[in-house]
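Thanks for sharing this one. Here are my notes, set out as numbered points so that you can follow them with the model open.

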Amino acid sequence: IGNIEGGGEWYEQAAAYEEYLVGKTAADVEGMELDTENHSGPVDLATSCTMSVVDLNAAVVAACEAAE
């Protein structure tokens, strides 16, 4: 998991996901477009993060809500 031929390892994809989220709100994360397999949809993220992000998005939203 996380190592697609020619793609990054899971930790590299996680770093790309983290970098993508900088400056985003919980609403931005909740509204993120996902493909049919729950992989990231935005092109600027999908090129570097091909793993499913649905659970990561839920965790980020929960953390934002807990921080408020």
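1. Let me begin with a proline. Pro 42 is buried, since its relative accessible area is 16% and the cut-off for buried is under 20%. This residue sits in the loop between H2 and H3. Leaving aside neighbours within four places in sequence, Pro 42 is in contact with Tyr 20, Met 32 and Glu 33. For one of these, Met 32, the C-alpha to C-alpha distance to Pro 42 is 7.5 Å, with the two positions 10 residues apart in sequence numbering. Please keep in mind throughout that this is a predicted model.

2. Glu 33, one of the contacts of Pro 42, lies in the loop between H2 and H3 as well. Is Glu 33 buried or exposed? At 61% relative accessibility it counts as exposed, because the exposed class begins over 50%. The C-alpha atoms of Glu 33 and Val 43 are 9.9 Å apart, and the two residues are 10 apart along the chain.

3. Now the overall picture. The protein chain has 4 helices and 0 strands, and its elements read α-α-α-α from the N terminus on. Of its 68 residues, 26% count as buried. The accessible surface is about 4600 Å², and carbon and sulfur atoms account for 53% of that. Among contacts between residues at least 6 apart in sequence, 40% join residues at least 24 apart.

4. Which residues make up the largest nonpolar core? There are 10 of them: Tyr 17, Tyr 20, Leu 21, Val 29, Met 32, Leu 45, Cys 49, Met 51, Val 53 and Val 61. Helix H1, residues 10–21, gives the most to this core, with 3 residues.

5. Helix H1 deserves a closer look. At 1.5 Å a residue, its 12 residues should span 16 Å, and its end C-alpha atoms are 17 Å apart, which agrees. Buried in H1 are Gln 13, Ala 16, Tyr 17, Tyr 20 and Leu 21. Seen down the helix axis, the buried residues of H1 fall within an arc of 135°, so they line one face. The general geometry fits this pattern: an α-helix has 3.6 residues a turn, so residues three or four places apart point the same way. On the other side of H1, Glu 18 and Glu 19 are exposed.

6. What covers the buried residues of H1? The cover includes helix H2 (26–30), helix H3 (43–46) and H4. Just after H1 comes Gly 23, with a positive phi of about 85°.

7. Val 29 belongs to the largest nonpolar core. Apart from neighbours within four places in sequence, Val 29 is in contact with Tyr 17, Leu 21, Lys 24, Asn 57, Val 60 and Val 61. Among these, Tyr 17, Leu 21 and Val 61 are also listed in that core.

8. Asn 57 is a polar residue to check. It lies in helix H4, residues 54–67, and is buried, with a relative accessible area of 7%. Not counting residues up to four places away in sequence, Asn 57 touches Tyr 17, Val 29, Met 32 and Leu 34. Of its partners, Tyr 17, Val 29 and Met 32 are listed in the largest nonpolar core.

9. Two further residues of H4 have other surroundings to inspect. Asp 55 is found in helix H4 and is exposed, with a relative accessible area of 63%. Its C-alpha atom is separated by 9.1 Å from that of Asn 38, 17 residues apart along the chain. Ala 63 lies in H4 too and counts as partly exposed at 46% relative accessibility. The C-alpha atoms of Ala 63 and Ala 26 are 8.9 Å apart, although 37 residues separate them along the chain.

10. Finally, the cysteines. How many disulfides are counted? The count comes to 0. Cys 49 is buried, with a relative accessible area of 1%, and is listed in the largest nonpolar core. Cys 64, by contrast, is partly exposed, at 28% relative accessible area.

Definitions and conventions
Residues numbered from 1 in each chain as written. Predicted model: local features only at pLDDT ≥ 70, side-chain atom pairs only at ≥ 80, totals over all residues. Heavy atoms only, no water. Helix = DSSP H or I, 4+ residues; strand = E, 2+ residues; numbered from the N terminus. Buried < 20%, exposed > 50% of the residue type's maximum accessible area, 1.4 Å probe, protein only. Contact = heavy atoms within 4.5 Å. Areas by Shrake-Rupley, 256 points an atom, 1.4 Å probe, with all protein chains shown as cover. Core = buried A, V, L, I, M, F, W, Y, C linked by side-chain atoms within 4.5 Å. Disulfide = S-S within 2.5 Å. Expected span 1.5 Å × (residues − 1). Arc of directions from axis to C-beta.
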